[in-house]
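Here is a friendly walk through one protein model, taken a few helices at a time. Keep the structure open beside you and follow along.

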Amino acid sequence: MEQRRQPQTAPAPRRKAAPAASQEWLVVPAAGGQRRGEFGRHRIMEMTGLPARDLRVLDPLLSYPSTILGRDRAIVVNLEHVKAIVTAAEVLVRDPGNPRLHPFLQELHARLALPDACTTNPASDDMELGDGQGNVPMPGSAKIQPFEFKVLEVCLEHTCKCMESETLALEKEAYPALDKLTSKVSTLNLEHVRQIKSRLVELSGRVQKVRDDIEQLVDDDTDMYEMYLTRKLAFQVVNESSVKVDSNKHASPDHENEKEEEDSGDDIESSHESSTYVKPDVEELEMLLEAYFVQFDSTLNKLCHLRDYVDDTEDYINMMLDEKQNQLLQMGVMLTTATVVITAGIVVVSLFGMNIHIELTLVPETPEMARIKNRKFWETTWATVAGCAAIYILAIYAGKKSKYLQ
């Protein structure tokens with residue numbers, strides 16, 4: 001029997017992976033002209049050596065809080081609208097078309113245009129300045145600030161100015177509004193103060209976050225040491241050159257004894273290094289961070305004083321409202337007492353208005369009796385009114401004596 005061939009279906013074409021969305025970046029090198037370009041995430045990771053989770057910090061759609069991260073080859077800066085990646089040779093600024101970044105970019109260009117900021121490739125400079133024995137000049141030794149610290153200082157300074165300006169604007173708006181609310185409590189004034197308080201809480205949280213991040217960096221020498229990118233790059237270049245020199249020396253058979261002696265010496269040095277902990281030299285960065293920590297702390301103190309003023313105003317308004325409420329309650333008690341007293345008078349009038357037989361009504365109507373009835377009527381009326389007033393006064397006196405009324 002002939003076997004029927006199954007119809008072969010063509011394999012479904014594989015879908016190509018969608019390329020990562022490119023984002024606009026401004027690349028500002030330590031020396032040379034800046035350039036704009038659109039780079040994908042993988043390209044940025046190759047240029048900076050950052051993992052993908054660090055790049056998410058700079059994504060404006062995810063709304064990450066302000067932070068400063070020190071990595072092996074780069075520093076991630078996310079301060080308000082300033083989102084940048086700083087390396088030893090260049091800085092990459094995210095979304096350079098943002099109008100709020102124009103002052104920051106101008107200040108960055110002005111700072112890098114200074115004479116001490118015009119540096120070439122840090123690796124080549126350190127190779128030329130270092131001697132053949134591995135002694136490398138540190139960036140802080142010659143009082144020349146490294147490139148990454150210059151950029152970091154511009155970022156901190158710009159953020160500090162923005163928060164300071166927002167704080168001053170909020171103070172100018174808040175104090176008159178609070179004084180106006182104190183003089184006149186109205187719905188419009190209360191709504192204005194509520195909006196001011198919301199802005200105050202939001203701005204205080206942002207300033208507090210930046211201040212805490214700087215304080216955390218200052219307290220951790222290891223994190224600050226990771227931010228010395230120029231120094232680490234110089235060490236890397238010198239280590240590579242020393243490895244090449246050592247390999248050339250050890251390649252000849254005449255230096256076998258020297259090799260053994262150096263290996264023993266390296267073992268002794270490594271044992272000493274492992275037994276003793278050497279504190280990294282981070283004085284330059286520590287002084288830089290402490291200076292801006294003081295500024296952010298001063299801004300936070302201004303916001304705390306403003307918050308205390310808002311709280312005091314709220315307490316004062318609550319006291320005023322409580323006083324008004326007490327006055328209304330007292331008025332209600334007095335009106336209720338008056339109602340009770342008037343009701344007592346109405347009872348007396350109702351008794352005299354009943355159809356009953358009394359001696360005064362049985363006497364024949366004469367002019368003399370008319371005068372007597374008229375006099376009796378007014379006596380009864382005034383006596384009823386006087387009795388109600390006396391009862392009301394006694395009730396109010398009893399209330400004030402018992403301190404229920406003021």
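## Helix H1 and its surroundings

In helix H1 (residues 41-48), the buried residues are Ile44, Met47 and Thr48. Looking down the axis of H1, these buried residues fall within an arc of 80 degrees, so they line one face of the helix. His42 and Glu46 are exposed on the other side of H1. The partners of the buried residues of H1 are S1, strand S2 (35-39), helix H2 (52-56), S5 and S6. Just after H1 comes glycine 49, with a positive phi of about 75 degrees.

Keep in mind that this is a predicted model.

## The protein as a whole

Stepping back, the protein has 12 helices and six strands. Of its 406 residues, 33% are buried. If you take the contacts between residues at least 6 apart in sequence, 68% of them join residues at least 24 apart.

## Helix H3 and its crossing with H5

Which residues of H3 are buried? They are Phe104, Leu105, Glu107, Leu108, Arg111 and Leu112. These residues cover an arc of only 165 degrees around the axis, which puts them on the same side of H3. A general point helps here: an α-helix has 3.6 residues a turn, so residues three or four places apart point the same way.

The buried residues of H3 pack against strand S1 (23-29), strand S5 (82-86), strand S6 (90-94) and H5. S1, S5 and S6 are also among the elements that the buried residues of H1 pack against.

The pairing with H5 can be described further. The axes of helix H3 (residues 102-112) and helix H5 (residues 147-183) come within 10 Å and cross at roughly 145 degrees. The crossing of H3 past H5 is right-handed. On the H3 side, the contact involves Pro103, Phe104, Glu107, Leu108, Arg111 and Leu112, and on the H5 side Phe147, Val151, Glu153, Val154, Cys155, Glu157, His158 and Lys161. Sorted by class, this contact holds eight nonpolar, one polar and five charged residues.

## Three residues in later helices

The table places three residues side by side by their accessibility.

| Residue | Helix | Relative accessibility | Class |
|---|---|---|---|
| Leucine 190 | H6 (residues 187-219) | 39% | partly exposed |
| Glutamine 330 | H10 (residues 283-352) | 18% | buried |
| Valine 333 | H10 | 40% | partly exposed |

Start with leucine 190. Leaving aside neighbours within four places in sequence, leucine 190 is in contact with Leu181 and Val185. Its C-alpha atom is separated by 9.0 Å from that of leucine 178, which is 12 residues away along the chain.

Now move on to H10. Is glutamine 330 buried or exposed? Glutamine 330 counts as buried because its relative accessible area is 18%, and the cut-off for buried is under 20%. Again leaving aside neighbours within four places in sequence, glutamine 330 is in contact with Leu405 and Gln406. Valine 333 and glycine 399 are 66 residues apart in sequence, while their C-alpha atoms are 9.3 Å apart in space.

## What the record says

An unreviewed UniProt entry lists residues 328-357 and 377-398 under "transmembrane region". In the model, residues 377-398 are 100% helix and 0% strand, and the C-alpha atoms at the two ends of this span lie 32 Å apart.

Methods: Residues are numbered from 1 along each chain as its sequence is written. This is a predicted model: local features need pLDDT of at least 70, side-chain atom pairs count only at pLDDT 80 or more; totals for chains, interfaces and linings use all residues. Side-chain values use heavy atoms; hydrogens and water are left out. Axes are lines fitted to C-alpha atoms, for helices over the stretch in contact, and angles run from 0 to 180 degrees between N-to-C directions. Helices (H or I, at least four residues) and strands (E, at least two) are DSSP runs, numbered from the N terminus. A crossing is left-handed if the near helix is turned anticlockwise from the far one by less than a right angle, and right-handed if clockwise. Contact means heavy atoms within 4.5 Å. Ala, Val, Leu, Ile, Met, Phe, Trp, Tyr, Cys and Pro count as nonpolar, Asp, Glu, Lys and Arg as charged, and the others, Gly among them, as polar. Buried means under 20% relative accessible area, exposed over 50%, partly exposed in between (1.4 Å probe, protein chains only). The arc is that of the directions from the helix axis to the C-beta atoms. UniProt positions are given in the numbering used here, feature names are shortened, and annotations may be inferred rather than shown by experiment.
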